[in-house]
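Visitor: Could you walk me through this one? I would like to ask about its strands, helices and loops as we go.

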Amino acid sequence: MTPDLTTLQPLRPTLYRLAADGRSLDFLFAQCPQCRQLSFPANAPGCMHCGHAIDASAQVARPGGGTLLEYVTLHVAMVPGLSAPSIAGDIRIAEQVVEEGVIGVADESLLAPGMALRAIAVPLPSGEHYGCHFVPAGAQGATA
Amino acid sequence: MSGGNWLAGNGGVYVVGIGLHPYQFPSDTPYTQLGLTAVRAALADAGLAWKQVQAAYVGTTSIGMAAGRVMLRHLGSTGLAVTQVENASASGSFAFRQACMEVAHGISDVVLAMGVDKHGDGRRAANKDGLERLSDTATIPAVKFALMARSYLREHGGGMESMAKVAVKNHGNAALNPYAQFRKPRTLEQVLASPRVAGDLTVQQCCPRGEGAAAVLLVSGQALARLGLDPARCVRVHASAASSERDETRYGEGPIDLVRDSARAALEQAGIGATELDLLELHDAFSVEELLYSEAVGVCQPGEGAAYLERGDSRIGGRCAINASGGLIGMGHPLGPTGIGQVAEIVRQIRGEAEGRQHPAARWGMAHMIGLGSVAIAHVLGGTARC
């Protein structure tokens, strides 16, 4: 049974929060007051495009997700808390903003470059937090 | 030599002595012992005494504050200037560049550039910038390069074998290098059958963790005769170019643009074309990098990296020997020493002293490094003081 995610806290509160549907994630960007482009994360001390100083007033939330650019299977556990095998990918989450994320599918055969992904909350073993996985847009859940 | 080349100052900059402590797996050997072995070897190679060295630049990433002074005092407290340089994988390369500047600008005539490192805890500034990341793997180079490798193979239609052959060549070169961490040749079957790490990269296509030291002595052209040095063993530095990451507008092209720009700047400074290079030591921490960067440097055409390797053009005795030392995959990548070790290999080859792995008629060589995929540096060396 899927736990009530609204009772959990985001593991990375500066990056995302639970969306209104209680399962998807909204990403927290900063919209530069100078060039109007989105930067990620929102608390970066300067716009990633033009270098203009940005502060908390520039924060905007957008539905979390993007376009899958590339992906690979990680065959060894490279960081604590990430079991092997798992899948990592580069995702374009906004124009000229590419972030690496965990792809929550069973194997690479379910993926293809250019496919749309959405970010969902996944409960973590601690029982207190949820993390972020990307799944194919339209998928109901994550496997990892 | 172009007239505007700052490296022409003070009669030019020459590498007159080289020395290494073999790269090895992490051990209890103190870094002082690693480093002093390399420096003493460089002094002996040059025929210089420690008291003649006026300044030292020490590249290191993981030892700690003021490692240079703590180590070098055992050679005698001569009062020389000591500067520690850290720039990730390129730390030694940047120490070398600083030493070149000091000589070329006439501040000193005899300068030591060295790298020494122990395997550290991997603490990185990128993990301390106060910013969270969607994935904890985002700052792990193996993942980044596995993603680049997948894109390369997807775009060029090559199989995993095409990049595994980089490891076969470089392990083979390393087997001939007494300073290399790995001394065993590997077959294609062995490379492909070794455990997978990330994506299509197997463990034998990834550089090992390790420690070691490398040292070179730089002398101004003005001082060569006064110091009684053998001009046939003094190899000239013709170019030093450094850069950092630009805004990435094309996905995946950032590191490649970085290599291309820094290599092009160095070649222009040296006044030669990429295809004139006889030797190229480059950052092959992961096998796919050699394919990507051989194209970016320009020794082969874009998209031809795998074919260049397949034809044998990058082997010792080919058109341009790439990573004749064994590269990071075979010789090892102890970080601080790596860039200095590249320079030492090129000097050894240009002198004609690379016994067992000598590239014939080697005249021009480039040492190219990147640091954490975001800083790049290229040096071009060529000819001796007798030429």
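Guide: Gladly, and one cut-off will help us first: buried means under 20% relative accessible area, exposed means over 50%, and partly exposed lies in between. Please keep in mind that this is a predicted model.

Visitor: Then let us use it. Is B:Ala66 buried, partly exposed or exposed?
Guide: B:Ala66 sits in the loop between β2 and α2 (67-72) of chain B. Although B:Ala66 is not a glycine, its phi is positive, at about 55°. Its relative accessible area is 44%, and a value between 20% and 50% falls in the middle class, so B:Ala66 is partly exposed.

Visitor: And B:Asn323, is that one buried or exposed?
Guide: B:Asn323 belongs to the loop between β10 and α10 (327-330) of chain B. Here too the residue is not a glycine and phi is positive, about 55°. With a relative accessible area of 0%, which is under the 20% limit, B:Asn323 is therefore buried.

Visitor: Moving to the sheet in chain B, which strands are its edge strands?
Guide: The sheet is open and has 10 strands with mixed pairing, in the order β3-β2-β4-β7-β1-β8-β12-β11-β9-β10. An edge strand here pairs on one side only, and in chain B these are β3 (81-85) and β10 (321-322).

Visitor: Within that sheet, how many residues of β4(B) are buried?
Guide: Strand β4 of chain B covers residues 110-117. B:Val110, B:Leu112, B:Met114 and B:Val116 point one way, while B:Val111, B:Ala113, B:Gly115 and B:Asp117 point the other way, and all are buried. The count for β4(B) is thus easy to state: eight of its eight residues.

Visitor: What is the bridge partner of B:Ala113 in β7(B)?
Guide: Let us look at both neighbours of β4(B). With strand β2 (residues 55-59) of chain B, β4(B) pairs in the parallel sense over five bridges, and there B:Ala56 has B:Leu112 as its partner. With strand β7 (residues 211-220) of chain B, the pairing is antiparallel over eight bridges. In that second pairing, the partner of B:Ala113 is B:Val216.

Visitor: Which residue of β12(B) does B:Gly371 stand opposite?
Guide: Strand β11 (residues 364-371) and strand β12 (residues 375-384) of chain B are antiparallel and share eight bridges. Across that pairing, B:Gly371 faces B:Val375.

Visitor: How far apart are the C-alpha atoms of B:Cys234 and B:Val13?
Guide: B:Cys234 is in the loop between β7 and β8 (235-244) of chain B, and its 2% relative accessibility makes it buried. Beyond its sequence neighbours up to four places away, B:Cys234 touches residues including B:Tyr14, B:Val15, B:Val16 and B:Thr384. B:Val13 is 221 residues away along the chain, yet the two C-alpha atoms are separated by 9.3 Å.

Visitor: Now the helices. Are α7(B) and α8(B) parallel or oblique to each other?
Guide: Helix α7 (residues 254-270) and helix α8 (residues 287-297) of chain B have axes 8 Å apart and pack at about 40°. The crossing is right-handed. Contact residues include B:Val259 and B:Leu267 of α7(B) and B:Leu292 and B:Ala296 of α8(B). An angle from 35 up to 65 degrees is neither roughly parallel nor roughly perpendicular, so α7(B) and α8(B) are oblique.

Visitor: How many nonpolar, polar and charged residues are in the contact of α4(B) with α8(B)?
Guide: The axes of helix α4 (residues 141-156) of chain B and α8(B) come within 9 Å and cross at roughly 65°, in a left-handed crossing. Among the residues in contact are B:Phe145 and B:His156 of α4(B) and B:Glu289 and B:Glu295 of α8(B). By class there are eight nonpolar, one polar and two charged.

Visitor: Over in chain A, which residue of the hairpin of β7(A) and β8(A) takes a positive phi?
Guide: Strand β7 (residues 86-94) of chain A runs antiparallel to β8(A), joined by seven bridges, and A:Ala94 is partnered with A:Val97. Two residues lie between the strands, and the one with a positive phi near 60° is A:Gln96.

Visitor: Last one: what is omega for the cis peptide bond that joins A:Ala84 and A:Pro85?
Guide: A:Pro85 lies in the loop between β6 (65-74) and β7 of chain A. The bond from A:Ala84 to A:Pro85 is cis, and its omega is about -5°.

Definitions and conventions
Residues are numbered from 1 along each chain as its sequence is written. Chains are lettered from A and ligands numbered from 1 in the order in which they are written. This is a predicted model: local features need pLDDT of at least 70, side-chain atom pairs count only at pLDDT 80 or more; totals for chains, interfaces and linings use all residues. Side-chain values use heavy atoms; hydrogens and water are left out. Axes are lines fitted to C-alpha atoms, for helices over the stretch in contact, and angles run from 0 to 180 degrees between N-to-C directions. Helices (H or I, at least four residues) and strands (E, at least two) are DSSP runs, numbered from the N terminus. Angles under 35 degrees count as roughly parallel, over 145 as roughly antiparallel, 65 to 115 as roughly perpendicular and the rest as oblique. A crossing is left-handed if the near helix is turned anticlockwise from the far one by less than a right angle, and right-handed if clockwise. Contact means heavy atoms within 4.5 Å. Two strands pair if DSSP finds at least two bridges between them. Ala, Val, Leu, Ile, Met, Phe, Trp, Tyr, Cys and Pro count as nonpolar, Asp, Glu, Lys and Arg as charged, and the others, Gly among them, as polar. Buried means under 20% relative accessible area, exposed over 50%, partly exposed in between (1.4 Å probe, protein chains only).
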